[in-house]
Amino acid sequence: MQIVTKQKTMALAGDQAVAYAVKQSDVDVVAAYPITPQTIIVEKFSEYVANGEVETEFVCVESEHSAMAASLAASATGARAFTATASAGLALMHEMLFVTSGCRAPVVMAVANRALSAPLNIHGDHSDSMAQRDSGWIQMYAENAQEAYDSIIQAFRIAENSNVLLPVMVGLDGFTLSHTLENVETLLDEDVKAFIGTRKFSNVLTHEGKSVPFKLDPTNPMTMGPIALQNYYFEFKRQQEEAMKNALEVIEQINGEYSKMSGRSYGNGLVETYYLEDAEIAAICLGSTAGTMKTVVDALRQEGIKAGLLRLRTFRPLPFEAIRSALSNVKALAVMDKSMSFGGNGGPVFQEVRSLLYDTDNHPNIVNYIYGLGGRDTSPTELRSIYEELQNILQAKHVEKPIQYLGLRE
Amino acid sequence: MTSQEWKFTTKDIAEKPDLFLSGHRACAGCGPATVLRLIMKATRGPTIVTEATGCMEVVSSIYPYTSWGVPWLHTAFETSASNASGIEAALKIMKKKGRIGQEHVDVIAFAGDGGTYDIGIQALSGAVERGHDFLFVLYDNEAYMNTGIQRSGGTPHGAATTTSPAGKVIPGKLEYKKPIADIMVAHNMPYVATASPYYWKDLLTKVRKGLEVEGPAFLHVFAPCPRGWRSDPAKSIEYSKLAVETCVFPVWESVQGQGRFRHMFKPQNKKLLEEVQRITDERWQRILTKSGMTQKS
């Protein structure tokens, strides 16, 4: 790929990369509370504030609940707002996540994905954000620190787009990405500034028929977060769904624009395909696991095995069409879940992918692998065993055991 | 005009357009509705209001109608102070960056007793500790009235509510009303006051003072609820008077932290100050003795 603009290579852990992206994104308000493994983000950002390197009001709140309430209120007032959390912090925000998306506040949040208690565990899995999948937030998962950096910058554009106006959470795997130093290509401040611009506001009609910007503005008083009962609530919710649908196109478009500037692109912004064109067997995963999976696929390809990988970069909105079309030639598919849906029919990604393939002709045989909970390491050998099982499924044209656990003592 | 200069007369009040408008769905004789209307009369310029879930939020914002003549935000029950934090932070930085036109915008957070004494106290304490410049108004109707009269930390001792009924064994609420304004004074915040809508001029003056101080201000307002109190709607204001006169709800103010003790430092009160010191020392000595420790000299 051609590098279009000048960039600076920095050694950054995922959390630092996120903080650096926020520093460059002309953010007005950051309201956040520390929690492992997100802590570095708030620490690093506090340094920027203390050293006068950012023009941002940093509100060091007393809980994640208040972090989200303050971010939402700042955003409603017209500020560009950012926060970050993980695990229990995200769970504490649960109530406010729905309010933020319902108020159509384009808050951007980094989630350093971590397991949920009990038992207490500080390491990486997707239990925290998967539990919030119906909260009306756009969800993106980064594969590495570079993507975490790039996604945060893109997230402001996506969230603030007038056809979207939804909050965006960017997931980065706890410790695996949040605390691991990588070389990250960073854009120059002026390039980020030019890419993001200042926040634009959608106009709405007042009851007097006047067109005014959608924010809390004493010049044009507006009531936000009202009570809407049986006669209006449903329409509000339907509009949110429409905004989610619009986000699919917007994410693709912004991924394209960003790619032109930086030379980096993540598939079409929604899904990234790896050797899928002629793949007979394939896996789907989110986040950092894809890095290891790609080396496994490389090795299999060397051996002449038609293996492929689909990395779901955007989980909400779920890109149905992109997934269906990417998997159209696949005969046996493994869906990987780094979280559980207790009592459900497999993990959340499995349930959704299996459901969206129901309508396709010749859909593949599908198997679910639940793996890596509480940060349990998943080795290339274990990941290779998935493809070996897929080869068996391909032969048998039948899935013996649809829900499996990888690397678990039973 | 500052509160010292502005004489709140009936004429002033009548001439100033309402910002909490008629048409809301509050009950007849609703104390909180009167309180909110009066308070909005005391605003001094551009103002943003945020409000906790509760009676006043519900009656004033039924979509597609609104009673608010100012920008208004509701998000949840426990969030009026954290919302105020976000609004104030946004206004501060956006003014610095030239992104808002107004020279200054006041921020008022409203919450009932549930949203203040109970579910909202953490966010309130945090926002005050951080020193955000906003006025927090507690309209205290002494129970969760919006959900049907359940007891709160602000319900007085002995009161019957649906979750502290006066039964055969338990005669209403056993616990005492939490001293919320004292708790706020203990935050060493710039301004804390209590007020009653009967003494409307006092109420309006305190609102203005709360807006004028730099940093957080807390105003605790007595607000009778005819439905919840099983009282005559015509008597809400009368009760607001009686509560003050009987010392059930004393009105007072504390400026810059411990203003309530300022008089003790006057020469004529020297003995009072010495007495307080003596009692404090004696109590401390008792604690040391009980803990098996002795005073270090």
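Start with the open sheet in chain A: 7 strands in the order β3-β2-β4-β5-β7-β6-β15, with mixed pairing. Its edges are β3 (57-60) and β15 (314-316) of chain A, each of which pairs on one side only, and the twist averages 20 degrees from one strand to the next. Bear in mind that this is a predicted model. Below is a quick tour of that sheet, the domains, the contact between the chains, and two local spots.

**The sheet in chain A**
- At the β3 edge, strand β2 (residues 29-32) of chain A and β3(A) pair in the parallel sense, over 4 bridges.
- To find the register, look at Val30(A): its bridge partner in β3(A) is Phe58(A).

**Domains of chain A**
- Chain A splits into domain 1 (7-201 + 242-262) and domain 2 (271-405).
- Taken over C-alpha atoms, the centres of domain 1 of chain A and domain 2 of chain A are separated by 27 Å.
- Domain 1 of chain A puts 28 residues into the contact, and domain 2 of chain A puts in 19 residues.
- On the side of domain 1 of chain A that touches domain 2 of chain A, the elements giving two or more residues are α5 (127-130), β6 (138-141), β7 (168-173) and α8 (233-262) of chain A.
- Of these, α8(A) gives the most to that side, with 5 residues.
- Sorted by class, this side of domain 1 of chain A has 13 nonpolar, 10 polar and 5 charged residues.

**Domains of chain B**
- Chain B also comes as domain 1 (10-263) and domain 2 (266-297).
- Here the C-alpha centres of domain 1 of chain B and domain 2 of chain B lie 36 Å apart.

**Where chain B meets chain A**
- The contact between the chains takes 42 residues from chain B and 39 residues from chain A.
- On the chain B side, two or more residues each come from β1 (47-51), α3 (55-60), β2 (72-74), α4 (80-96) and α6 (121-130) of chain B.
- The largest share of that side is from α4(B), with 12 residues.
- The residues on the side of chain B that touches chain A divide into 20 nonpolar, 16 polar and 6 charged.
- There's strand pairing across the chains too: strand β11 (residues 223-224) of chain A runs parallel to β2(B), joined by 2 bridges.
- In that pairing, Met224(A) stands opposite Leu73(B) in β2(B).

**A buried glycine in chain A**
- Gly308(A) sits in strand β14 (residues 307-312) of chain A.
- Gly308(A) counts as buried because it has 26 C-beta neighbours inside 10 Å, and the cut-off for that is 20 or more.
- Gly308(A) and Tyr275(A) are 33 residues apart in sequence, yet 4.7 Å apart in space, C-alpha to C-alpha.
- Leaving out residues up to four places away in sequence, Gly308(A) touches Tyr274(A), Tyr275(A), Leu276(A), Ala279(A), Ala282(A), Val297(A) and Val330(A).

**Helix α10 of chain B**
- In helix α10 (residues 236-245) of chain B, the buried residues are Ser236(B), Tyr239(B) and Ser240(B).
- They lie on the same side of α10(B), because they cover an arc of only 105 degrees around the axis.
- An α-helix has 3.6 residues a turn, so residues three or four places apart point the same way.
- The buried residues of α10(B) pack against α2 (31-41), β6 (217-222) and α9 (226-229) of chain B.
- After α10(B) comes Cys247(B), with a positive phi near 70 degrees.

Definitions and conventions
Residues are numbered from 1 along each chain as its sequence is written. Chains are lettered from A and ligands numbered from 1 in the order in which they are written. This is a predicted model: local features need pLDDT of at least 70, side-chain atom pairs count only at pLDDT 80 or more; totals for chains, interfaces and linings use all residues. A residue is buried if 20 or more other C-beta atoms lie within 10 Å of its own, exposed if 12 or fewer, and partly exposed in between; C-beta atoms are placed from the backbone. The arc is that of the directions from the helix axis to the C-beta atoms. Two residues are in contact if their C-beta atoms, placed from the backbone, lie within 7 Å. Two strands pair if DSSP finds at least two bridges between them. Axes are lines fitted to C-alpha atoms, for helices over the stretch in contact, and angles run from 0 to 180 degrees between N-to-C directions. Domain bounds come from an automatic or database domain assignment. Ala, Val, Leu, Ile, Met, Phe, Trp, Tyr, Cys and Pro count as nonpolar, Asp, Glu, Lys and Arg as charged, and the others, Gly among them, as polar.
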